[in-house]
Amino acid sequence: KTKIVHQANQGLAQTRNNGAAQAAGKYICYLDPDDFIEPTYLEKTLSLLESDESLGRCYSWVRWFGDADSLWETQDLDPFFLRQRTTAPSHSVIRKEAWERGKEQNGSGFLTRYDGYFEDWVFWIDMVQCGYRGQVIREPLIRYRVHKASLGATHKPGWGKMLPVLHEDRREFFYDPSYRKRLE
């Protein structure tokens with residue numbers, strides 16, 4: 001049941017898009033090669049997704065390890081908090097139907113121009129705009145490795161330049177109070 005796809009390096013966002021396009025199941029879950037999920041992660045996220053059709057994705061708190069040791073207490077996918085920062089990890093279990101709707105919303109899925117910066121944050125915004133919610137499991141079931149050579153670390157200096165691009169691309173979401181109210 002496992003399919004291995006070999007391809008040239010196309011960057012993080014496009015690789016995730018390619019994976020989603022190849023996925024034949026009802027759900028998608030991305031897992032970077034240096035990260036881990038606990039044995040009960042898929043069982044718990046799928047249980048929530050199966051019980052509530054309005055959920056587009058489920059995820060858990062994240063335990064950082066390696067060069068850092070801390071707990072990221074992620075939050076439910078709430079438009080208010082989503083305007084301030086990403087509220088969930090890329091390791092979410094995503095309903096394939098919700099992924100397809102998000103792709104229709106933005107024409108691509110994960111947007112390559114945000115590769116390594118905000119590709120997941122932008123996609124969560126697009127899912128909210130499609131009417132999907134996200135729910136967190138309040139226990140650390142994802143283990144995320146932090147190290148100096150990771151994309152998050154190497155791209156961190158560029159976040160300040162990319163944030164205004166994100167705000168301009170999703171201007172209505174970030175700045176229009178009447179639009180935001182309709183989403184909440």
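## A buried aspartate, D35

D35 sits in the loop that runs between β1 (27-29) and β2 (36-37). The model is a predicted one. D35 is buried, yet it takes part in no salt bridge. The nearest side chain of opposite charge belongs to R145, and it is 5.7 Å away. A salt bridge needs a side-chain nitrogen of Lys or Arg within 4 Å of a carboxyl oxygen, so a separation of 5.7 Å does not qualify.

What does the side chain of D35 meet instead? The side chain of H91 joins that of D35 in a polar contact of 2.9 Å. In addition, the backbone nitrogen of R145 lies 2.9 Å from a polar atom of the D35 side chain. R145 therefore appears twice around D35: its side chain is the nearest of opposite charge, at 5.7 Å, while its backbone nitrogen is at 2.9 Å. Leaving aside residues up to four places away in sequence, D35 touches H91, R143, Y144 and R145.

## The nonpolar core and W124

The largest nonpolar core has 41 residues. Within this core, L82, W99, W124 and L166 touch the most other members. Helix α5 (residues 119-129) supplies the largest share of the core, with seven residues.

W124 has contacts with R57, L77, L82, T86, A88, P89, S90, S92, I94 and F110, when residues up to four places away in sequence are not counted. One of these partners, L82, is itself among the core residues that touch the most other members.

## Salt bridges

Side chains of opposite charge can pair when their charged atoms come close. How many salt bridges does the structure hold? There are eleven. One of them joins the side chains of K44 and E139, with N and O 2.9 Å apart. K44 belongs to helix α2 (residues 41-51) and E139 to strand β6 (residues 133-146), so this pair ties together parts that are 95 residues apart in sequence. K44 is partly exposed, at 29% relative accessibility, and E139 is partly exposed at 29% relative accessibility.

A salt bridge also forms between R113 and D169, whose closest N and O atoms are 2.8 Å apart. This pair links distant parts of the chain, 56 residues apart: R113 is in the loop between α4 (96-106) and α5, and D169 is in helix α7 (residues 159-169). D169 counts as partly exposed, with 31% relative accessibility. D126 and R170 form another salt bridge, their closest N and O atoms being 2.9 Å apart. Here the distant parts are 44 residues apart, with D126 in helix α5 and R170 in the loop between α7 and α8 (171-175). Both D126 and R170 are buried. Salt bridges also link R16, D32 and E119 in a network.

## S90, between R16 and W124

S90 is located in the loop between α3 and β5 (93-95). Is S90 buried or exposed? S90 counts as buried, because its relative accessibility is 10% and the cut-off for buried is under 20%.

The side chain of S90 makes a polar contact of 3.3 Å with the side chain of R16, and R16 is a member of the network with D32 and E119. Not counting residues up to four places away in sequence, S90 touches R16, Y30, D120 and W124.

## Q75 and its surroundings

Q75 has its place in the loop between β4 (70-72) and α3 (79-82). Q75 is partly exposed, with a relative accessible area of 23%. The C-alpha atoms of Q75 and Q135 are separated by 7.4 Å, although the two residues are 60 residues apart along the chain. Outside the residues up to four places away in sequence, Q75 touches Y59, F81, R85, T87 and V136.

## Cysteines without disulfides

A search of the whole structure finds zero disulfides. For C58, the nearest cysteine sulfur is that of C29, 11 Å away. A disulfide needs two cysteine sulfur atoms within 2.5 Å, so C58 is in no disulfide. C58 is buried, at 0% relative accessibility.

Why is C130 without a bond to another cysteine? The closest cysteine sulfur, in C58, is 17 Å from the sulfur of C130, which is too far for a bond. C130 is buried as well, with a relative accessible area of 13%.

Notes:
Residues numbered from 1 in each chain as written. Predicted model: local features only at pLDDT ≥ 70, side-chain atom pairs only at ≥ 80, totals over all residues. Heavy atoms only, no water. Core = buried A, V, L, I, M, F, W, Y, C linked by side-chain atoms within 4.5 Å. Buried < 20%, exposed > 50% of the residue type's maximum accessible area, 1.4 Å probe, protein only. Helix = DSSP H or I, 4+ residues; strand = E, 2+ residues; numbered from the N terminus. Contact = heavy atoms within 4.5 Å. Lys, Arg positive; Asp, Glu negative; His and termini not counted. Polar contact = N/O pair within 3.5 Å; in protein donor to acceptor, adjacent residues only side chain to side chain.
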